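Here is a short report on one protein chain. It starts with a single residue and works outwards.

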Amino acid sequence: MSYLIRIVGAALIGVVVLVASTIPARAAETPEQALRQVQRAIDTSDTALLQRYVDLDAVIGGAVDVFVQTLVRQASSKAGQGGMAPMLAMMVAGMQDGADAQAAQAMKMLVTGETRKFVLHGVASGKFAGKPRKEPVQQDGGLFSPLFEGASTGRKEIRSITDVKRTGDDATAALKVYDFGNEETYPVNVRLVPVGDSWRVREVTNVKQLADRVRREAADQQTQE
């Protein structure tokens, strides 16, 4: 009897191994699939999904650094100071050469936090999906909310994902993002890093070019007004 049990046991183990070997392992997401999840997060107003696939702190932090550098350069000229909103002038004053480093860092953190709040509100409210909700959603700003008064809150749509390349542990991709708010298409280059069996956007690598373009668009709009 014990011999029979051993045979049956061995047979059962063999069946389990055979079945397990025929079940496909979960395929790892590609960078393209991860970027499509970013669009899905926007379309479904899912901020948790967005933060799973985009490192907001890293992306926004890099953008704020460029934003601040641009403003400091603008403030170095009298003409630039004259055309600067009071809120921006106050912020830049605390970041110019000679300003207290700790105060400047605190100011950057405030701007980063407000930018993060603006982005999450745009997603949660459905505005970035082109389907704004009427019910209350998370707060859309605070002390520095006037900085975003001219920002487009229209639908954001990734229209193409190209030039996907893997280099070592990173991946890069080029996106075309259409903004229904101002009817403009923006080239956005991103760097992704692996997280588990997927990828996460860690950096927008052409943020300086994007900042310069947005600044020109804002200047053109003011001229037209």
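Apart from neighbours within four places in sequence, Thr-115 is in contact (heavy atoms within 4.5 Å) with Ile-60, Val-64 and Phe-148. Thr-115 lies in helix α7, residues 101–124. Thr-115 counts as buried because its relative accessibility is 17%, and buried means under 20% relative accessible area with a 1.4 Å probe, protein chains only.

This is a predicted model: local features need pLDDT of at least 70, side-chain atom pairs count only at pLDDT 80 or more, and totals for chains, interfaces and linings use all residues. Residues are numbered from 1 along each chain as its sequence is written, and side-chain values use heavy atoms, leaving out hydrogens and water.

The largest nonpolar core has 35 residues. Such a core is a set of buried Ala, Val, Leu, Ile, Met, Phe, Trp, Tyr and Cys residues joined through side-chain atoms within 4.5 Å. Leu-50, Val-188, Val-190 and Leu-192 touch the most other members. Several elements each supply at least two residues of this core, including those below.

| Element | Residues |
|---|---|
| Helix α2 | residues 31–43 |
| Helix α4 | residues 56–75 |
| Strand β3 | residues 184–195 |
| Helix α8 | residues 207–224 |

α4 gives the most, with six residues. Beyond four places in sequence, the contacts of Leu-192 include Pro-31, Leu-35 and Trp-199.

The protein chain has eight helices (H or I, at least four residues) and four strands (E, at least two), taken as DSSP runs numbered from the N terminus. Of its 225 residues, 34% count as buried.

How values were computed
Buried means under 20% relative accessible area, exposed over 50%, partly exposed in between (1.4 Å probe, protein chains only).
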